[in-house]
Amino acid sequence: MSDISRTNRPLVLASVMAAMFMIAIEATIVSTAMPQIAGQLGDLHLYAWVFSAFLLTQTATTVVFGKLSDLYGRRPVLLVGIAVFLVGSLLCGFATSIPLLIVFRLIQGVGAGAIQPIGITVVGDLYSAQERGKIQGYLASVWGISSVIGPLAGGLIIQHASWAWIFWINLPIGAIAAAGFVLFLHEGVERQRRSIDVAGAALFTVAIASLMMALTEAGTSGTATLWPALVFVVAAVLFVLQERRAPDPMLDFKLWAQRPIATSNAATLLSGMTIIGLTTFLPMFVQGVMRQSPLVAGFALTMMVFGWPIGATLAAKNFVRFGLKPTLLFGAVLLPLGAVAFVVLGSSSSPVVAGVGSTIMGFGMGFLSTACIVIIQDSVAWAQRGSATASNIFSRNLGSTLGATVLGTVLNYGLAHPLSGPAVSSDQLRRLLDAPDTLAASADAVRGALGQSLHVTFWGIFGIAVLTLLLSLLVPRVAISDGPRELVVE
């Protein structure tokens, strides 16, 4: 475990924040620059895969790296993750086609699969639950700052430099973070011969990657291809058989089945579905149905991004006072409360209503996610904390993918089978969002069908938020003990 007597905690925390910043800013800065990148490289039909590839490998490798950090310590896994991420970033800048960019984004995602869970695990190792209030606030601020800096930096880079620099700016940040871990993070991991479940790790990666691929295809095209689904089934069966006979399994089923971990991860998965639904479909409603500008749509969604770190900071500073389960339940209550705003949205509604709903849901995610990660980390010993933390990150990522698929299917079905009028094609929807004047007389019909479909989708988000609350009620009440980083399940 970490040798706290030799470890410089403030500088290690700064290194964690620098490493996490690379992951946090990645989505916003790439999203800003991708239209120009795709315009130069072509292959617009592969546009979505630039984002999906990163999430695919990140999700598939998160649990693997969590287990490796329990076996060999946090520092070596973090350094490997940073190195892989920086190699991927360097190669992304040299990409000459969208397929090549997708391959290099896969490499980036592998690095992110190590950096995010292990960085959070290091914080759990070095700081007690009582100390983590201020620390979680620092980590939450990283995501809030990146949401503001990302679009601004992406726009400036595209305007004044080569788009490659949206990836290459990671190089100095990653180098500083790696140097901080080398110099200031010291661990006393017991040196002994350890068995690595290579077969289990490989099968798990293949199973999750194929599942993500099938879900992504279903979310973007409406139909999942057959072969990823078949690969998932075969790999999943083989993985379960392998884990039952492995002396030191890559995924400990007993760990995942512990009630605090199982219920917290289930709530995290469902909350991830609600948030991806909000981020995916709210801008479409604000622009396509409410006839507002992209700037207004972005503002409505940004309120959620601001609310999340503020909620996380407040939760981290108060969960010792009020308890972890009350903090979790407060966040879980805010999710359906905020979702009500989207259920009542109409074509003539004020964008302020959408902004208020986004803010409330952001607050809810801040409280819920903070409580869940503390419950999970401190319910286990050091030797399992990496795996436990990774399980929560994995659950959130998988929830995002499931949410995009399920809610996307609801939207597509509504557009294909409107309550009144003809079906809406993808081309009509694209023209409504990009150039509504080209639709002429049919614009109102398309807008009405889109509004009906998104209304049903928002009801789906509300229903998932209610399920999140119900699952949160099943999380056991956990009392923080006087000892460092230990919790007592009542």
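So, where does Arg291 lie? Arg291 sits in the loop between α11 (259–288) and α12 (294–322). Before I go on, remember that this is a predicted model. Back to that loop: Arg291 is not a glycine, and still has a positive phi of about 60°. Its relative accessible area comes out at 55%, and the cut-off for exposed is over 50%, so Arg291 counts as exposed.

Okay, from the loop to the inside. In soluble globular proteins, nonpolar side chains tend to be buried together. Here, the largest nonpolar core has 119 residues. If you want names to click on, those with the most contacts inside that core are Ile37, Leu101, Phe167, Phe181, Phe204 and Leu454. Which helix gives this core its largest share? That's helix α1 (residues 9–41), with 18 residues. There is also a second, separate core of five residues, and Ile261, Ile376, Val380 and Ala388 are among them.

Now, aromatics. The structure holds 12 aromatic pairs, and I'll show you two. Start with Phe54 and Phe85, which pair edge-to-face, 6.5 Å centre to centre with 80° between the planes. This pair links distant parts of the chain: Phe54 is in helix α2 (residues 47–72), Phe85 is in helix α3 (residues 74–93), and they are 31 residues apart. Are these two rings buried or exposed? Phe54 is buried at a relative accessible area of 9%, and Phe85 is buried too, at 0%.

My second pair is Phe204 with Phe239. Their ring centres are 5.4 Å apart and the planes are at 55°, so we call this one tilted. Phe204 belongs to helix α8 (residues 198–221) and Phe239 to helix α9 (residues 226–245), so the pair ties together parts that are 35 residues apart in sequence. Both Phe204 and Phe239 are buried.

Stay on Phe204 for a second, since we already met this residue in the list for the largest core. What does Phe204 touch, leaving aside neighbours within four places in sequence? The contacts are Ala60, Val63, Val64, Phe239, Met250, Leu251 and Phe394. Phe204 and Phe239 also form one aromatic cluster together with Phe253, Trp256 and Phe394.

Helix α8 has another residue I'd like you to look at, Met212. Met212 is buried, with a relative accessible area of 1%. Skipping its neighbours within four places in sequence, Met212 is in contact with Leu55, Leu56, Thr59, Leu398 and Thr401. And if you measure across to Pro228, which is 16 residues apart from Met212 along the chain, the C-alpha atoms are separated by 8.6 Å.

Last stop is a polar residue, Gln58, back in helix α2. Buried or exposed? Gln58 has a relative accessible area of 5%; buried means under 20%, so this glutamine is buried. What does the side chain of Gln58 make a polar contact with? The partner is the side chain of Gln116, at 2.8 Å. Again leaving aside neighbours within four places in sequence, the residues in contact with Gln58 are Ile23, Gly109, Ala112, Gly113, Gln116 and Asn397.

To recap the stops: an exposed Arg291 in a loop, a largest core of 119 residues, two aromatic pairs, and a buried Gln58 in side-chain polar contact with Gln116. That's my bit, thanks.

Definitions and conventions. Residues are numbered from 1 along each chain as its sequence is written. This is a predicted model: local features need pLDDT of at least 70, side-chain atom pairs count only at pLDDT 80 or more; totals for chains, interfaces and linings use all residues. Side-chain values use heavy atoms; hydrogens and water are left out. Rings of Phe, Tyr and Trp (its six-membered ring) pair if their centres lie within 6.5 Å; planes under 30 degrees apart count as stacked, over 60 as edge-to-face and the rest as tilted. Helices (H or I, at least four residues) and strands (E, at least two) are DSSP runs, numbered from the N terminus. Buried means under 20% relative accessible area, exposed over 50%, partly exposed in between (1.4 Å probe, protein chains only). A polar contact is a pair of N or O atoms within 3.5 Å; within protein, one must be able to donate a hydrogen and the other to accept it, and residues adjacent in sequence count only if both atoms are side-chain atoms. Contact means heavy atoms within 4.5 Å. A nonpolar core is a set of buried Ala, Val, Leu, Ile, Met, Phe, Trp, Tyr and Cys residues joined through side-chain atoms within 4.5 Å.
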